[in-house]
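Colleague: Please give me a close look at one helix in this model, then follow its residues outward to the rings and strands they lead to.

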Amino acid sequence: MCGKYIVSKSPKASSVSPVPQATDNGHQPQPIINLDHGDPTMYESYWKEVGQKYSVTIPVFQSLSYFANMKNLCWFLEPKLEEEIKTLHKNVGNAITENRHIIVGTGSSQLILAALYALSDSLNDPNPVSVVSAAPYYSSYPEITDFLRSQLYKWSGDARCFDKDGPYIEMVTSPNNPDGVIRKPVVNRAQGMVVHDLAYYWPQYTAITSPADHDIMLFTVSKCTGHAGSRIGWALVRDENIAKKMVKFIEINTIGVSKEAQLRAANILEIISLSCQKQRPRDLDNFFEHSHQLMAERWKKLRNAVKNNQLFYVPKFPNHYCNFTNEFTETYPGFAWIKCKEGVDCEKLFREHKILTRSGKRFGGDAEYVRISMLSRDEEFDLFVQRLSTIHGTGNQN
């Protein structure tokens, strides 16, 4: 696939071509199952159980100012959120926060752009810096990189095919989106700069084998807690000058980050940390244990649905010792990277059965692959598994 990477714009939900809704022998039409996006509505059931007892109320006179803490390098970061980010990482053991600058962003998407700006602007290079990631890479990286046609950086495709001299930025997503594999940098050259996107490095998805210790590490509330609508992400940055440039980018871009969203996120992270304690309230289940069990059940259902089916291949993952749970555990990614048999357009096949997925071509891969979200609501996921078990061929073989 070297030199053959795909750059395409992410379709909005409304831009998806309509799937026929014709009835079959007078029966009601099958509903469309949209598993294209990673909308983490799976977590809704847990938070409904938590209920109003742990909700946050913000008085109308609070948070009027642009500023949160003028003494902090990230002057719009709410102190409460900073405190809870540090506490949660310490409890989970998935990232080092000591001697790091914490930068809050409107989701990790804004932080990706801030990191690309900060790293490339620091070079004063007359040519755009190449941005690469090993395929299959997160499908939004090409669009995020090239959307504004910046003269500072440009998308250069699959990191395994990158052979250009000079500086570059490598995006490393670990566990990887879409295939759930633990990743390390691929290019490894002297002038390289690396951004580690660790959105899925949480105990419900994978074993926490050691605290991540990198120059730039990105996390997001959406994949940690399920609160995608709050649009809160954070970066742990070692270098002060890079951190200042990232803050400047967010300042120019949105003049900071919503305080209401930050305070809500801080409250949610506090609840999760409380749920992890041995002396937690009786009415509060351990969030990560609950979510890990749910992910394990969903992956079991998925594997059973395609058992003995020669049409699909679902990847398996090795067990690793998790320092958070103190036991060996398998990886349960937030997405399933499914491969159809050779020559089958997998996205088209699922579409024929009114299941919307994201083609492997969007990730720099082949049409034989699709990414399927494992994070939808229970009823939608169960319907998907039921329908998947009935697919045994293509075209006239269906």
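Modeller: What follows starts at one helix and works outward from there.

This is a predicted model, in which local features need pLDDT of at least 70 and side-chain atom pairs count only at pLDDT 80 or more, while totals for chains, interfaces and linings use all residues. Residues are numbered from 1 along each chain as its sequence is written, and side-chain values use heavy atoms, with hydrogens and water left out.

The helix is H8 (287-305). Helices (H or I, at least four residues) and strands (E, at least two) are DSSP runs, numbered from the N terminus. H8 has 19 residues, and its first and last C-alpha atoms are 27 Å apart, close to the 27 Å expected at 1.5 Å a residue. The expected span is 1.5 Å times one less than the number of residues. At the start of H8, a side-chain oxygen of Asn286 comes to within 3.0 Å of the backbone nitrogen of Phe288.

The buried residues of H8 are Phe287, Phe288, Ser291, His292, Leu294, Met295, Arg298, Trp299, Leu302, Arg303 and Ala305. Buried means under 20% relative accessible area, exposed over 50%, and partly exposed in between (1.4 Å probe, protein chains only). Glu297, also in H8, is partly exposed because its relative accessible area is 39%. The C-alpha atom of Glu297 is 42 Å from that of Ile242, 55 residues away along the chain.

H8 is also one of the elements that the buried residues of helix H2 pack against, and the others include strand S7 (216-220) and helix H7 (259-275). Contact means heavy atoms within 4.5 Å. On the H2 side the buried residues are Leu81, Glu82, Glu84, Ile85, Leu88, His89 and Val92. H2 (residues 79-92) has 14 residues and should span 20 Å at 1.5 Å a residue, which agrees with the 20 Å between its end C-alpha atoms. Just after H2, Gly93 has a positive phi of about 75°.

Back in H8, His292 is joined to Thr329 by a side-chain polar contact of 2.8 Å. A polar contact is a pair of N or O atoms within 3.5 Å; within protein, one must be able to donate a hydrogen and the other to accept it, and residues adjacent in sequence count only if both atoms are side-chain atoms. Thr329 belongs to strand S11 and is buried, with a relative accessible area of 8%. Leaving aside residues up to four places away in sequence, Thr329 touches Ala207, His292, Pro318, Asn319, His320 and Cys322.

Next, the rings. Rings of Phe, Tyr and Trp (its six-membered ring) pair if their centres lie within 6.5 Å; planes under 30 degrees apart count as stacked, over 60 as edge-to-face and the rest as tilted. By this rule the model has 24 aromatic pairs. In one of them, Tyr200 and Phe335 meet edge-to-face, 6.0 Å centre to centre with 70° between the planes. Tyr200 sits in the loop between strand S6 (192-197) and S7, and Phe335 in strand S12, 135 residues apart. Tyr200 is buried at a relative accessible area of 8%, and Phe335 is buried at 5%.

A second edge-to-face pair, Phe288 with Phe324, has centres 5.5 Å apart and planes at 80°. Phe288 is in H8 and Phe324 in the loop between strand S10 (320-322) and strand S11 (327-329), so the pair ties together parts 36 residues apart in sequence. Phe288 and Phe324 are both buried. These two rings belong to one aromatic cluster with Tyr43, Tyr46, Trp47, Trp202, Phe219, Trp234 and Phe287.

Phe335 leads on to a sheet. The charged end of Arg371 sits over its ring, 3.7 Å from the centre. Likewise, the charged end of Lys339 sits over the ring of Tyr369 at 5.8 Å from its centre. Here a charge sits over a ring if NZ of Lys or CZ of Arg is within 6 Å of the ring centre and within 35 degrees of the ring normal.

Strand S12 (residues 335-340) pairs antiparallel with strand S15 (residues 369-373) over five bridges, and Trp337 stands opposite Arg371. Strands pair if DSSP finds at least two bridges between them. The open sheet has four antiparallel strands in the order S9-S12-S15-S14. S9 (312-313) and S14 (358-359) are at the edges with a single partner strand each, so one side of each lacks a neighbour in the sheet.
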